[in-house]
Structure formats: C-alpha cells, structure tokens
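The following report concerns a single protein chain, shown below. It proceeds from one helix and its surroundings to the sheet, the nonpolar cores and the backbone.

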Amino acid sequence: MKDKSILLGILIIIAVVLLTGCELFYNLVDHEEFKEHFGALGYTVVDDEKGLYDSDAYLVATKEDVPFKVEYYEFASESDAQKAYKEYKDSIGSYIKTDSKNKETKGAVFTKIVAVSEEEYIVISRVKNTLIFIAGTNDYDDEINTLLEDIKY
C-alpha cells in the first residue's frame, strides 16, 4: 500500500511538471543573456535595427558564414509575445516558396513552430514574453536546432 502511494505521489509530481511547463524544459533568456550567448558563439549582435513588432528589446544576431539571422524580441508582457508569435505564424507563407510541413509544439508558457519546405527551414519560438525567429535553409537545420537547444528554446 505504501509503495502505491509513493508511486502515485511521483506520478502527480510528473503530471504537474508536464502540465505547467516547468522550467526544466525551457529557459527564459533576457536580452543581455542573448547578447552574451550569441556573442560568445561568434555572432555579431546588434540592437539598432527595427523589428516587425513593437518590443522592449529587439536584437539581431548574424554571422558571416551562415545565411540566416537570429531575431530576438523581448516584450513588455507575455500576451504581446503571443500576439507577435501568432502574426509570424499566420504570415509564415511569405517566407516559404513551396508547400511546407509545419510542426507546432505548445506548453503553458511556450509555443514553437518549425516549418520545413523543399529549401526553407523556419523556426518561431516563444517563451513567456520573448520570441526568437529564424528563417534559414534546410542545409542549416542542424545548426539552427543546436542554437535553440543550447538556450532551451
């Protein structure tokens, strides 16, 4: 009987962690951490460009040897980030030349969509009040995935 209640307790904890989007599975990166992390990887990070959406911070990370840029937004609220995510998602067709397979993942405090077409590889990832957008090519999908996995986006 005691073993069953311990097992039940463990299952409840696991369920709560999975359903609430516990921080074990994502990492909120603020604009300073984004600058430091991508700067350390050899990216040039600038904050003097204008993003598509009004935000508290908009940074763009580029590197000479990769044909994509990493756009980072930090919004005043989570609902602002959700709105920007939805607008990016709704306009994903403007970034892709052919039909794509889109895979969306949702949690309590994050949403992520990966769109893959014949040539393009696009990722839109939102965690709380931040959003990262990358429009790359299939040739660089592993590198893009690694960049996002490193920061748990």
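The buried residues of H4 are covered by elements that include H2, E3, E5, E6 and E7, where contact means heavy atoms within 4.5 Å. Helices (H or I, at least four residues) and strands (E, at least two) are DSSP runs, numbered from the N terminus. The residues in question are Ile 144, Leu 147 and Leu 148; buried means under 20% relative accessible area, exposed over 50%, and partly exposed in between (1.4 Å probe, protein chains only). They cover an arc of only 90° around the axis, which puts them on the same side of H4; the arc is that of the directions from the helix axis to the C-beta atoms. Asp 142 and Glu 149 are exposed on the other side of H4.

The model is predicted: local features need pLDDT of at least 70, side-chain atom pairs count only at pLDDT 80 or more, and totals for chains, interfaces and linings use all residues. Residues are numbered from 1 along each chain as its sequence is written, and side-chain values use heavy atoms, with hydrogens and water left out.

**Overall arrangement**

The protein chain contains four helices and seven strands, in the sequential pattern α-α-β-β-β-α-β-β-β-β-α. Of its 153 residues, 35% are buried. Among the contacts with a separation of 6 or more, 44% are between residues 24 or more positions apart.

**The sheet**

The seven strands form an open sheet in the order E1-E2-E3-E7-E6-E5-E4, with antiparallel pairing; two strands pair if DSSP finds at least two bridges between them. Strand E1 (44–46) and strand E4 (101–106) are the edge strands, each pairing on one side only. On average, neighbouring strands of this sheet are turned by 10° against each other, direction ignored. Axes are lines fitted to C-alpha atoms, for helices over the stretch in contact, and angles run from 0 to 180 degrees between N-to-C directions.

Strand E6 (residues 120–127) and strand E7 (residues 130–137) pair in the antiparallel sense over eight bridges, and Val 127 has Thr 130 in E7 as its bridge partner. E4 and E5 run antiparallel and are joined by six bridges. These two strands form a hairpin with three residues between them, and the bridge partner of Lys 106 in E5 is Thr 111. Of the six residues of E4, the number buried is zero, so this strand lies largely in the open.

**Helix H3**

Helix H3 (residues 78–90) lies across strand E3 (70–74), E4, strand E5 (110–116), E6 and E7, and runs at about 165° to E6. At 1.5 Å a residue, its 13 residues should span 18 Å, which agrees with the 18 Å between its end C-alpha atoms; the expected span is 1.5 Å times one less than the number of residues.

Which residues of H3 are buried? They are Ala 81, Ala 84, Tyr 85 and Tyr 88, and they cover an arc of only 105° around the axis, which puts them on the same side of H3. These buried residues pack against E3, E4, E5, E6 and E7. The face turned away from the buried side carries the exposed residues Lys 83 and Asp 90.

**Nonpolar cores**

In soluble globular proteins, nonpolar side chains tend to be buried together. A nonpolar core is a set of buried Ala, Val, Leu, Ile, Met, Phe, Trp, Tyr and Cys residues joined through side-chain atoms within 4.5 Å. The largest such core has 21 residues, and those with the most contacts inside it are Phe 34, Phe 38, Phe 68, Val 70 and Ile 132. Helix H2 (31–40), strand E2 (57–62), E3, E6, E7 and helix H4 (141–150) each give two or more residues to this core. Apart from it lies another core, of 17 residues, among them Tyr 58, Val 60, Phe 75 and Phe 133.

Leaving aside neighbours within four places in sequence, Phe 68 is in contact with residues including Tyr 43, Ile 134, Tyr 140, Ile 144 and Leu 147.

**Backbone with positive phi**

Most residues other than glycine have a negative phi, and most peptide bonds are trans. Two lysines with a positive phi are listed here.

| Residue | Phi | Location | Relative accessible area |
|---|---|---|---|
| Lys 128 | about 50° | loop between E6 and E7 | 27%, partly exposed |
| Lys 152 | about 60° | segment after H4 | 44%, partly exposed |
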